[in-house]
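Colleague: I would like to learn how to read a model of this kind, feature by feature. Could you take me through it slowly, giving the general idea before each case?

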Amino acid sequence: MDLYKAPLLATSFLLDLGIAVAAALLFSLLFYKLRLPMIVGQLVAGMVVGPFGLGLIRDTTAIDFLATLGIILLLFVIGLELDPRHLKSVGSKAVLLTTVEFLVSFTIGVLSGLAAGWNLGTSLFLGSVLGLSSTAIVAKIVADRTGEQGEHFASTIMMVMVVEDLIAVFLLFLTPELASGNSVQASAFLVVTGKAGFLFIATFGFSRYIGPRLINRVSQYEIEVGEISFLLALSFGFLFGVLSDYLGFSPGIGALLTGFFLPVKHSRYVREKILPLKEAFIVFFFLSMGALIDVGAAISVGLPLALILGAAISGKLIGGSLGARLAKTGTPLLIGSILVPRGEFSLVLAKAGADSGLVSTQLYPVAGLAVLATTLASPLIERSLRSLRERKDDRD
């Protein structure tokens, strides 16, 4: 019987994949025409064709698999694109900006959760989810504006994202242990710290000493067997994704650390091998994450949902503007608007919390709608600011 079921399951999976890709294409084109981020279109595409939308895709097992695969691949690429040397050059301005904007958006997020009637634990988790901007979306916005604002502006914003990514990694490390009880005991904290330390040492040792040697050896056969370099590059992320999952952390964390610790020369080599798939990673990640969003569960929150979404938008706008003003860097409102979009880490953290049973499953769809609302709000706020600035210039 299993022999007959296997082809049917494969056909069903391929059909689901075809529907998802077609929907992503249509919504990406639609959002491009509307001059809105295509990533949001892919998130909406997943929501529409997923089991909580039109139900064109009903196999949540396959969707969960794609989501996990997307997390590993996406965070591996992000890790490869982060240069450890930049951490040395993170100035006090970037650290101050990040500290202020994260704490402000975190606090406003917690207050919105409490106002929605959620308990303190879930509200604190909501604050963490809403405190993290999207590295992928912000990087795209910054790249589009580098010509207008200059390299210093781009460097400052990206350093803010590096610091936020480190915060996200720390929160993901703590999530499994927090799920084991209402409070973290000293011994339990030592255990999770020990596991985190082991993962850090393992990824650092492999990426600094073993990985480069493997890359050097395999690159000798690249002309004869070009695919071997590509497969080797992918194996790094998956290998430590499995180790990270075994230790109780998000599999994406192991992949991110592996890419992050690779020497710059070798990380560029690996990145070049998998760069053609980078966009596919992002598409499948947001597609699968969108398909897992139960809009009905989010709407069941009622009127407080509007408060939470408003807090998600205003938290980063206020926090980013205040942080930029205190750090005396850039145009405060512009920086605040650029940091508004939430994305990959918010979804990963919300999913980790819901999967571990730490928070209500209601948090994930709310986080998904927050990603949608904030990513749509960011370009609208930017356009409004630009219009106001042009009117002011005309009057002057």
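Modeller: Let us begin with helix 11, whose buried residues are P251, G252, I253, G254, A255, L256, L257, T258, G259, F260 and F261. Buried here means under 20% relative accessible area, exposed means over 50%, and partly exposed is anything in between, with a 1.4 Å probe and protein chains only. By that rule helix 11 is mostly covered, since 11 of its 11 residues are buried.

Colleague: Before we go on, what am I looking at, and how are residues numbered?

Modeller: This is a predicted model, in which local features need pLDDT of at least 70 and side-chain atom pairs count only at pLDDT 80 or more, while totals for chains, interfaces and linings use all residues. Residues are numbered from 1 along each chain as its sequence is written, and side-chain values use heavy atoms, with hydrogens and water left out.

Colleague: How many helices and strands does the protein chain have?

Modeller: Both are DSSP runs numbered from the N terminus, a helix being H or I over at least four residues and a strand being E over at least two. The protein chain has 18 helices and 0 strands, and of its 396 residues, 51% count as buried.

Colleague: How should I read contacts in the protein chain between residues at least 6 apart in sequence, and what percentage join residues at least 24 apart?

Modeller: A contact means heavy atoms within 4.5 Å. Among contacts between residues at least 6 apart in sequence, 78% join residues at least 24 apart. F206, in helix 9, gives a single-residue example: leaving out residues up to four places away in sequence, F206 touches G211, P212, L214, F236, L239 and F240. F206 is buried, at a relative accessible area of 10%, and its C-alpha atom is separated by 7.8 Å from that of T258, although the two residues are 52 apart along the chain.

Colleague: How many aromatic pairs are there, and what is the rule?

Modeller: Rings of Phe, Tyr and Trp (its six-membered ring) pair if their centres lie within 6.5 Å, and planes under 30 degrees apart count as stacked, over 60 as edge-to-face and the rest as tilted. By this rule the count comes to 6 aromatic pairs. One of them is F102 with F106, where the ring centres are 6.1 Å apart and the planes lie at 15°, so the pair is stacked. Both residues lie in helix 5, 4 residues apart, which is about one turn of the helix. F102, at 10% relative accessibility, counts as buried, whereas F106, at 21%, counts as partly exposed. The pair of F204 and F261 has ring centres 5.3 Å apart and planes at 85°, so it is edge-to-face. This second pair links distant parts of the chain, with F204 in helix 9 (residues 186-219) and F261 in helix 11 (residues 251-261), 57 residues apart. F204 counts as partly exposed at 35% relative accessibility, while F261 is buried at 11%. F200, F204, F260 and F261 form one aromatic cluster.

Colleague: At what angle do helix 5 and helix 15 pack?

Modeller: Axes are lines fitted to C-alpha atoms, for helices over the stretch in contact, and angles run from 0 to 180 degrees between N-to-C directions. Helix 5 and helix 15 (residues 304-327) pack at about 155°, with their axes 8 Å apart. Angles under 35 degrees count as roughly parallel, over 145 as roughly antiparallel, 65 to 115 as roughly perpendicular and the rest as oblique, and helix 5 and helix 15 are therefore roughly antiparallel to each other.

Colleague: And which residues of helix 5 meet helix 6?

Modeller: F102, S105, F106, G109, V110, S112, G113 and L114 in helix 5 meet L120, S123, L124, L126, G127, S128 and L130 in helix 6. These two helices pack at an angle of about 140°, with their axes 7 Å apart. Helix 6 (residues 120-130) is mostly covered, 8 of its 11 residues being buried.

Colleague: Where does S105 lie, and is it buried or exposed?

Modeller: S105 lies in helix 5 (residues 92-115) and counts as buried at 1% relative accessibility. Leaving aside neighbours within four places in sequence, S105 is in contact with G127, L130, G131, G315, K316 and R342.
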